[in-house]
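Work through the exercises below with the structure open. Each task is followed by a solution in steps.

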Amino acid sequence: MKISYPPIRVHVWGGLGSQLYAWAFSIDLGIRFPRRRIVLVLHDGGVTKRKSELHAFLPPDLIEVVHDFNIPGDKVRLFLQKGIRLASRMLGFTRSGNLFSIRAFLLPWIVSFRGHYSTRMLSIESISHIRARILSLPDIFSGGFVEPDIALHYRLGDLLTLTTKAPLSPKLVLAGLSLAQKATKSELAIAVCSDSPEVAVRRISEGAGREVYQVALPPLQTIRFLISAKIFVGTPSKISEWVVLLRSLQKNGQLTFLPNQMSNQMNRVLSHSDSISYY
């Protein structure tokens, strides 16, 4: 008799970077539990409303979307849900938090995870799988794809208005670009990708000392573009983290520059970070 195992649901909140971490976790989880179906449950709730970016890669039965952005909660229902989740954790049906490890002791009846998945060492298998799928995206450049020499990812977006976080200062970004330019010893133009591209170009163009141009692409295509750059300069964001993770599999001498404040995070998620220079 064929046994029907219940799926394991991996809940995730946040944008593309967070969704990629959850996807990587689900890939490793599938290796740990080969007989279980792993379903990504994407919540659009949070500080800002986020949409699913992974429907292009996953079949419908392996991805669910929960529309819970700005939905007023019923106090009784929330209390009951909290109690059920607590009991489920105590009985080993669910795990929550951010320190997930595939090698940790997990009871065979585990059915869900709820967390951020961005503080664990990623496997080569999960990085390789995600990299191959992103590189398989169709080219959306009308004149053909051209690898940039120096590419900067400058996270701005909601950081321009949030009171709890701030984007990296233009002074520090220019310091990173200066290191990148010294490494090349040539006058290369700088391609800028950002969730606020015009603001990003305006912030750094005066101090860059060379041509700066914006490349406005959807999030997944942005990662695809930045992976191929000969020199990559990142700023604190999960998108920059993923560009570095996916570039880590390349052996063609590409250079990567990140701000010092990202070093601890990269050491957590990447087993070999010796190819990164910090500014």
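Arg155, Asp158 and Asp195 are linked in a network of salt bridges. The model is a predicted one, and it holds 5 salt bridges.

**Exercise 1.** Find which parts of the chain are linked by the salt bridge of Asp195 with Arg155.

Step 1. The closest N and O atoms of Asp195 and Arg155 are 3.5 Å apart, and the cut-off for a salt bridge is within 4 Å.
Step 2. Asp195 sits in the loop between strand E7 (190-194) and helix H5 (197-208), while Arg155 sits in the loop between strand E6 (150-154) and helix H4 (170-184).
Step 3. The pair links distant parts of the chain, 40 residues apart.
Step 4. Asp195 has 45% relative accessibility and counts as partly exposed.

**Exercise 2.** Determine whether Arg120 is buried or exposed, and do the same for Asp28.

Step 1. Buried means under 20% relative accessible area.
Step 2. Arg120 has a relative accessible area of 6%, so Arg120 is buried.
Step 3. Asp28 also has 6%, so Asp28 is buried.
Step 4. These residues form a salt bridge, with the closest N and O atoms 2.5 Å apart.
Step 5. Arg120 lies in the loop between strand E5 (112-115) and helix H3 (124-135) and Asp28 in helix H1 (residues 16-32), so their salt bridge ties together parts 92 residues apart in sequence.

**Exercise 3.** Explain why the salt bridge of Arg9 with Glu64 ties together separate parts of the sequence.

Step 1. The closest N and O atoms of Arg9 and Glu64 are 2.8 Å apart.
Step 2. Arg9 belongs to strand E1 (residues 8-13) and Glu64 to strand E3 (residues 63-66), so the tied parts are 55 residues apart in sequence.
Step 3. Arg9, at 28% relative accessibility, counts as partly exposed, and so does Glu64, at 31%.

Technical notes:
Residues are numbered from 1 along each chain as its sequence is written. This is a predicted model: local features need pLDDT of at least 70, side-chain atom pairs count only at pLDDT 80 or more; totals for chains, interfaces and linings use all residues. Side-chain values use heavy atoms; hydrogens and water are left out. A salt bridge is a side-chain nitrogen of Lys or Arg within 4 Å of a carboxyl oxygen of Asp or Glu. Helices (H or I, at least four residues) and strands (E, at least two) are DSSP runs, numbered from the N terminus. Buried means under 20% relative accessible area, exposed over 50%, partly exposed in between (1.4 Å probe, protein chains only).
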